[in-house]
Amino acid sequence: MDKCIAVILAAGEGTRMKSKTPKVLHRAAGLSMLEWVVRAARGADTGKCVVVCGRGRNEIENQFGDTVSYVEQAERKGSGHAVMCAEKELVGFDGYTLIIAGDMPLLREETIAALVNAAKEGNYACTMLTAKLDNPFGYGRILRNELGDVTAIVEEKDATEEQRMVTEVNASCYCVCTPLLLECLKEIKPANAQGEYYLTDIVSILNGKGEKVGAYIADDACECMGVNDRVQLAQVSEILRARILERHMKNGVTIIDPKNTYIDADCTIGQDTVIYPNVTLEKGTVIGENVTLYPGSRIENSSIADGTTVQNSVVLDAQIGRETTVGPNAYVRPNSMIGDHCRIGDFVEIKNANIGNGTKVSHLTYIGDADFGEGINVGCGVVVVNYDGKNKFRTSVGDNA
């Protein structure tokens, strides 16, 4: 069978975020929420990803380029209407369509893969992702028959007292046989107070056709959490960071205080590195083995080689060699390359410069737009004058100066 097509719903207004940025592009642990969802779908071995956009389509396209397909939901008329906007991408496809909300960054690829496998192995027309909650108040309840198949989703306001006792709830993620999905979309009606097309109606429509509807219960209910405001964004960010930190610790990294350490998704860290509290690693940073990162350091999109120490310093878009010390209070700016066995001391700023192996820049110095060779000793208070108010100049200093 062909791989699934993933339809990711990303057209919500996100008014509760109170932001000019589209909701799904708000970042959690270094990635946008939409990026987390796209990666999870791709990791579950889906094929084409179709993103249903609304406000902010240009911003979404700028971030994802041609890695996904786009359709537009010009008017927001419910989740069913959002999928209708993607119909042209689904016509002629005989496999399963995976429908996921773009604001569920905690959803793991393993859970999506398990949902798809449950649909295929059970030969279900539709399999829903569900969760069991200790307090299901406000969620749509999942009703099953004696065989365990889903017969209905009942919203809180419509549920009887007995139905409200059900703790299994709808997580708004579906794996549906595509030809049947296209049939159901033609039958969904906006017969509700909001005048919207609800995707949940496909459950009753499929049951009416005599088709089987199943449900896969997520092992961890938090995966089903959607984000509607910045409070929830902070909550999912904390969970994502905890997952990232746990992975690094299991791979041999010592993190002294995980609750006060911030590492983005795409960072790599070698074994026996020690990270102290209040360290931030961002945007694809690569840390070698036996590195020590002392408190208060921020490193973005940079590489730090084996055995180096960074103390209370900022390193941005730079490369630092082996057995080098940086800080305290150093500032290594973009396009800087610092060699092995160097010393970049307190209140030193390096910008767009190359520092050769064994060179010491101990304190209170600025080196910008320069090439310094090996074995140089730079004394206190040295300033490389690289700008006359109109033009930038480059300075070169030879070895052992």
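**Exercise 1. What covers the buried residues of α7?**

Before starting, keep in mind that this is a predicted model in which local features need pLDDT of at least 70 and side-chain atom pairs count only at pLDDT 80 or more, while totals for chains, interfaces and linings use all residues. Residues are numbered from 1 along each chain as its sequence is written, and side-chain values use heavy atoms, with hydrogens and water left out.

*Solution.*
- Step 1: find the helix. Helices (H or I, at least four residues) and strands (E, at least two) are DSSP runs, numbered from the N terminus; α7 covers residues 178–187.
- Step 2: pick out its buried residues, where buried means under 20% relative accessible area, exposed over 50%, and partly exposed in between (1.4 Å probe, protein chains only). They are T178, L180, L181, L182, C184 and L185.
- Step 3: look for contacts, meaning heavy atoms within 4.5 Å. The cover includes the helices α3 (79–84), α4 (87–90) and α8 (201–208), together with the strands β6 (96–101) and β10 (168–177).

**Exercise 2. Trace the open sheet of 8 strands and explain its edges**.

*Solution.*
- Step 1: apply the pairing rule, by which two strands pair if DSSP finds at least two bridges between them. The order is then β14-β17-β20-β23-β26-β28-β30-β32, with parallel pairing.
- Step 2: go to the edges. β14 (268–269) and β32 (395–397) each have a single partner strand, so one side of each is left without a neighbour in the sheet.
- Step 3: check the partner of β14. It is joined by 2 bridges to β17 (residues 286–287), and I269 has I287 as its bridge partner there.

**Exercise 3. How many disulfides are there?**

*Solution.*
- Step 1: set the cut-off. A disulfide is a pair of cysteine sulfur atoms within 2.5 Å.
- Step 2: count. The result is 0 disulfides.
- Step 3: try C222. Its nearest cysteine sulfur belongs to C224, 8.2 Å away; C222 is partly exposed, at 22% relative accessibility.
- Step 4: try C380. The closest cysteine sulfur, in C342, is 19 Å from that of C380, too far for a bond. C380 is also partly exposed, at 48% relative accessibility.

**Exercise 4. Describe the protein chain as a whole.**

*Solution.*
- Step 1: list the elements. The chain has 9 helices and 32 strands.
- Step 2: take its extent. The C-alpha trace spans about 85 × 45 × 40 Å along its principal axes.
- Step 3: turn to burial. Of the 401 residues, 48% count as buried.
- Step 4: examine the contacts. Among those with a separation of 6 or more, 43% come from residues 24 or more positions apart.
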